[in-house]
Amino acid sequence: MDWADFGVDLHLELDASGGRRAGLERALRDAIRDGRLPPSTRLPATRVLATELGLSRGTVSAAYDQLVAEGWLVARVGAGTEVSPLRQAAPAPAAPPAGPPPFRYDLRPGSPDVGLFPVTAWLRATRRALAVAPAEAYGYGDPRGRPELRNALAGYLGRARGVLADPERIVVTTGYVQALVLLTTVLRDAGTPTMAMEDPGLAFHREVARRHGGTVLPLPVDDRGARTDLLGTGHLARVGAAVVTPAHQFPTGVTLHPARRHALADWARSTGGLVVEDDYDGEFRYDRQPVGAVQGTAPEQVAYVGTAAKTLGPALRLAWLVLPARLVDPVVHAKRHLDLHTETIGQLALADLITMHGYDRQIRTVRRRYRQRRDLLLDRLGGLGGLGGLGGLGGRFALSGISAGLHATVHLPSDGPPEAEVLAAAAARGLALSGLGGHRHHPTDRPPGLVVGYAHPPSHAYPAAVELLARVLTDLSA
C-alpha cells in the first residue's frame with residue numbers, strides 16, 4: 001500500500017510462517033525499531049490495512065491490540081492508532097573500545113591451564129551427584145553451602161592441608177574475591193577495618209578490600225616471607241587483620257619462615273587480630289610435601305581461604321572459608337545479604353569429585369604438568385649467561401621462590417632497563433608479561449622484576465613462549 005498518505009514511505013514484508021497475525025506484529029515492530037515508522041506516525045485504519053495486505057480485519061485489529069499492550073502503538077478514540085511517541089529507533093551499535101594489541105603468547109600469572117579441566121570426571125561427578133540429590137537441593141540453600149560439600153571439604157582439608165575444619169565452620173563462597181569481601185565487611189562492621197596486606201601482593205585484592213570499607217597498610221615481604229614480626233608495631237600497631245599467603249607468597253614465591261609463622265599466631269592471640277590465610281595454590285609443591293596451613297596451629301585466630309580456581313578452573317567460582325567460631329554467624333549474615341548462597345549444582349559435583357578421590361587424581365595430574373613446565377622455564381632461563389639459579393643472588397638476573405605454584409619471579413638488574421621498558425619490549429614482540437612493580441604498594445621505590453606465569457599458555461604454545469622470553473631477556477642484557 002502507499003504509506004505516503006500517512007506521512008511515511010514504507011513497504012512491509014510479512015513472514016507468515018508463525019501465523020499471519022504474528023507476522024504482521026513482527027513486521028510492524030521491526031519498522032518501528034529501525035526507524036522506518038517514526039514516533040507519532042499515524043497508522044492506517046484496520047479495515048484499510050486488512051484490504052491492502054489481504055488479511056482479515058480481525059487479524060489486523062488483534063495485531064494492533066497486541067502492539068498497543070506492549071507499548072509500541074497508542075490508540076486514541078477518534079484519532080486512530082499511531083506509533084508511541086516514546087519509541088525511538090534503535091541506536092547504531094557502538095564501536096568496540098580500543099583494546100591492547102593481541103599477544104601471541106601470554107605468560108602473565110593468575111590463571112591455570114584451563115585446557116586441563118577434567119571434563120569427563122566432572123560430567124561423571126555431576127551425574128552421580130544429581131542422581132542422589134534431594135529435591136530441596138534445587139531450592140534456596142544454606143548461605144554456608146551444601147552440607148555434602150562442607151563435609152567433603154572438612155575431610156580433604158584435614159588430610160591435605162592440615163586444616164582443622166569443622167563442617168559447621170565452613171562457608172562456601174563464589175570465589176576467593178567474595179571471601180575477601182565477606183571478611184572485609186565483617187571487620188568493617190566490627191569497627192576494625194584496618195588490614196595489613198603483603199607488599200608486594202596482588203593489587204586487585206587491595207582494591208577489593210578498599211572498595212568494601214577496608215583500610216589497607218603494607219606488610220613488607222623479604223626472603224623469609226611476610227614481616228609478621230612487625231605486626232603490632234609502628235604503622236602496623238592497630239591493624240585488625242593480616243592477609244597473608246604463607247605456603248607460597250605471591251608474587252615472590254617464598255614460604256613463610258617458621259619463626260614468622262609463630263609471630264603471626266602470637267600477634268593474633270595477643271591482640272584479638274584476625275589472620276586471613278590465602279591458600280591459593282597450596283597443593284602445588286614439587287620438591288616435597290606442601291607446608292601445612294597456619295590455620296592448623298591457630299584455628300581460632302585464622303580465617304582460612306581455599307579455592308578450586310587453580311586446581312580445577314576459575315569458571316567454577318567455588319571457594320571456601322574455614323572460620324573461627326566467633327566469625328561464623330557474622331560471615332553467614334553477610335553472605336545471606338550479598339547473594340543468599342553460592343550456586344548448588346557445582347557444589348554437589350565438587351563434593352562427589354572429592355569423595356570419590358577424583359579431586360586428588362586431578363591435582364596429581366596437573367601438579368606433574370606444572371612441574372614439567374616450571375622445569376622447562378628454569379632450564380631455558382638458566383642457560384642464559386649470568387642468570388642466577390633459583391634463589392640465586394648473582395648475575396644479571398636472579399630467580400626467587402620455592403619449587404611450587406604456577407609462577408616464578410625473575411629479578412631484573414637495578415642498573416638495567418626499567419621494568420616498564422622490559423614489558424614494552426616483550427609486548428612489541430607479542431609476549432604478555434607482568435611486572436613486579438605493579439604488585440607493590442608503592443611501585444617506584446623497589447627493585448624491578450617480572451612475575452612469569454607458566455600455567456596459562458596452552459601446552460603446544462608454551463615452549464615457544466619460554467623461548468621468546470629468553471630472547472627478550474638476552475637482547476636486553478646485551
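This passage walks through a predicted model, from overall confidence to a few helices and two buried residues.

Confidence comes first. The protein has an average pLDDT of 91, and 92% of its residues reach at least 70. One stretch to treat with care is residues 385-394, where the pLDDT is below 50. Even so, this stretch makes 25 contacts in the model beyond near neighbours in sequence.

Starting from the N-terminal part of the chain, glutamate 25 sits in helix α1, which covers residues 20-33. Despite being a charged residue by class, glutamate 25 is buried, because its relative accessible area is 7% and anything under 20% counts as buried. Once neighbours within four places in sequence are set aside, glutamate 25 still touches Ala62, Ala63, Gln66 and Leu67.

Further along comes helix α7, made of residues 203-211, in which His205, Arg206, Val208 and Ala209 are buried. Looking down the axis of α7, these buried residues fall within an arc of 160 degrees, so they line one face of the helix. The general geometry of helices helps here: an α-helix has 3.6 residues a turn, so residues three or four places apart point the same way. As for what that face meets, the buried residues of α7 pack against two stretches listed as α6 (176-189) and β5 (194-199), and also against β6 (215-222) and β9 (274-278). After α7 comes glycine 213, with a positive phi near 95 degrees.

Leucine 231 belongs to a loop, the one between β7 (225-226) and β8 (241-244). Being in a loop does not leave it open to the outside: leucine 231 counts as buried, since its relative accessibility is 7%. Leaving out residues up to four places away in sequence, leucine 231 is in touch with Ala196, Leu219, Leu236, Val239, Ala242, Leu264 and Trp267. One of these, leucine 219, is twelve residues away along the chain, and its C-alpha atom lies 8.1 Å from that of leucine 231.

The last stop is a pair of helices, α10 (residues 344-355) and α11 (residues 358-382), which pack at an angle of about 80 degrees with axes 4 Å apart. That angle makes α10 roughly perpendicular to α11, because values from 65 to 115 degrees are put in that class. On the α10 side the meeting residues are Leu350, Leu353 and Ile354, while α11 brings Gly358, Tyr359 and Asp360. Sorted by class, the contact of α10 with α11 has four nonpolar residues, one polar and one charged.

Conventions. Residues are numbered from 1 along each chain as its sequence is written. This is a predicted model: local features need pLDDT of at least 70, side-chain atom pairs count only at pLDDT 80 or more; totals for chains, interfaces and linings use all residues. Side-chain values use heavy atoms; hydrogens and water are left out. Axes are lines fitted to C-alpha atoms, for helices over the stretch in contact, and angles run from 0 to 180 degrees between N-to-C directions. Angles under 35 degrees count as roughly parallel, over 145 as roughly antiparallel, 65 to 115 as roughly perpendicular and the rest as oblique. Contact means heavy atoms within 4.5 Å. Buried means under 20% relative accessible area, exposed over 50%, partly exposed in between (1.4 Å probe, protein chains only). pLDDT is the predictor's confidence in each residue, from 0 to 100. The arc is that of the directions from the helix axis to the C-beta atoms.
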